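Open the model in your viewer and keep the sequence panel visible. The stops below are meant to be taken in order.

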Amino acid sequence: QESAQVSELVWLGRTGKNLGVLGAGKQFGNVRQSPNGHRIAVEIVDRRSATPELFMFDRESGIPTQFTSDGNASSPVWSPDASTVYFRSGGPPVLYSKSADGRGGQQLLRALDGIESPLDVSNDGRLLVYSDASRSTNQDLWLLPLGRDTKPTPYLTTAAWETAARFSPDGRWLAFVSTESGASEVYVAPVDDARAKYRVSAAGGIAPRWGRDGKELLYITQDGNLVSVPLVVGPPVQRGTPTTLFKLDSLYDAANLRGNAAYELTPDGQRLLVNRVLRDPA
């Protein structure tokens, strides 16, 4: 299975030019760069136990430090001030948080009923979007206010798969993937009303990423091309003509979630960090 393959974390320019390798020779999973760009949280699967742990890579030195040690931590998400990392852990997995400097232990964020995975935190730090696996409605999107005594609210809970959600820089919109059309497609919708969604991808799309100013959306097409779409979220939403940046034919789909993929756009929007499978690790 591809999920067991050795991969590398490689820096790429917007034309696909290789700008250096951050790490290689391990079973890497999801990657998330801190908002200030200094550190990268990465899943690394232990080959003996086949379970993931989180490691922190320093961007400049490339040196990793182990961040969790409970045997099953994955899906890291940063707070906007880079002080906290949210992740899933346990069996079945639920949501935890931990200070990004490693101080103290991991804290249970909230005891929920399903199988949760954090996806993103709004830039004001007040809202976390997460996915929840349900037998009746597959993969759903929920919103969790980050404060005391708060309750999660459903965002999209249809029979389709909904996943890979990311907040726009201004926190007013979500980009996400839904299979409601029968294929994985990229949509955007206001945070306060998912019913007002707008489909961005024309013929298949996964793994949306907002540009720094919220006027660009990147995603991966069905044939593996990374495209950039000019976007004015309005209302009304105005979609420009997509531009193909380059082909990511060896992109590693770490979570195997029909719509998520392990790559990050740097805060300045000029480079990407991609978890890429090594086709011939030997």
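What follows is a list of selections, with a note on what is found at each.

**Ground rules**

This is a predicted model, in which local features need pLDDT of at least 70, side-chain atom pairs count only at pLDDT 80 or more, and totals for chains, interfaces and linings use all residues. Residues are numbered from 1 along each chain as its sequence is written, and side-chain values use heavy atoms, with hydrogens and water left out.

**Stop 1: the strands around β11**

Select residues 127-134, which make up strand β11. Strands here are DSSP runs of E with at least two residues, and helices are runs of H or I with at least four, numbered from the N terminus. Is β11 largely enclosed or not enclosed by the rest of the structure? It is largely enclosed, because six of its eight residues are buried. Buried means under 20% relative accessible area, exposed means over 50%, and partly exposed lies in between, with a 1.4 Å probe and protein chains only.

Add β10 to the selection. β10 and β11 run antiparallel and are joined by six bridges; two strands pair if DSSP finds at least two bridges between them. The two form a hairpin with five residues between them, and glycine 125 in that turn has a positive phi of about 75°.

Now add residues 138-145, strand β12. β11 and β12 pair in the antiparallel sense over eight bridges, and the hairpin that joins them runs through three residues. Alanine 133 is a useful residue to label: it is the bridge partner of isoleucine 115, and its bridge partner in β12 is glutamine 139. When looking at strands such as these, note that in a regular strand the side chains alternate between the two faces of the sheet.

**Stop 2: aspartate 113**

Go to the loop between β9 (107-110) and β10 (115-121), where aspartate 113 lies. Is aspartate 113 buried or exposed? Aspartate 113 is exposed, with a relative accessible area of 85%. For a distance check, pick threonine 68: the two residues are 45 apart in sequence and 23 Å apart in space, C-alpha to C-alpha.

**Stop 3: aromatic pairs**

How many aromatic pairs does a search of the whole structure find? The search finds four. Rings of Phe, Tyr and Trp (its six-membered ring) pair if their centres lie within 6.5 Å; planes under 30 degrees apart count as stacked, over 60 as edge-to-face, and the rest as tilted.

Among them is the stacked pair of phenylalanine 87 and tyrosine 96, at 6.2 Å centre to centre with 20° between the planes. Phenylalanine 87 is buried at 0% relative accessibility, and tyrosine 96 is buried at 18%.

Phenylalanine 176 and tyrosine 187 form a stacked pair, with centres 5.9 Å apart and planes at 10°. This pair links distant parts of the chain, with phenylalanine 176 in strand β15 (residues 173-178) and tyrosine 187 in strand β16 (residues 185-190), eleven residues apart. Both phenylalanine 176 and tyrosine 187 are buried. Add Tyr155 to the selection, and one aromatic cluster with Phe176 and Tyr187 is shown.

**Stop 4: charges over rings**

Select arginine 209 and tyrosine 263. The arginine lies over the face of the tyrosine, 4.4 Å from the ring centre. A charge sits over a ring if NZ of Lys or CZ of Arg is within 6 Å of the ring centre and within 35 degrees of the ring normal. Then select arginine 271, whose charged end sits over the ring of tryptophan 11 at 4.6 Å from its centre.

**Stop 5: glutamine 33**

Glutamine 33 is in strand β2 (residues 18-33) and is buried, with a relative accessible area of 7%. Its side chain reaches the backbone oxygen of glycine 37 at 3.1 Å. Leaving aside neighbours within four places in sequence, glutamine 33 is in contact (heavy atoms within 4.5 Å) with residues including Trp11, Arg59, Trp78 and Glu264.

**Stop 6: backbone geometry**

Proline 235 lies in the loop between β20 (225-232) and β21 (238-239), and proline 236 is in the loop between β20 and β21. A cis peptide bond joins glycine 234 and proline 235, with omega about 15°. Another cis peptide bond joins proline 235 and proline 236, with omega about -5°.

Finish at alanine 164, in strand β14 (residues 162-167). Its phi is near 55°, a positive value in a residue other than glycine, and alanine 164 is buried at 2% relative accessible area.

Notes: Polar contact = N/O pair within 3.5 Å; in protein donor to acceptor, adjacent residues only side chain to side chain.
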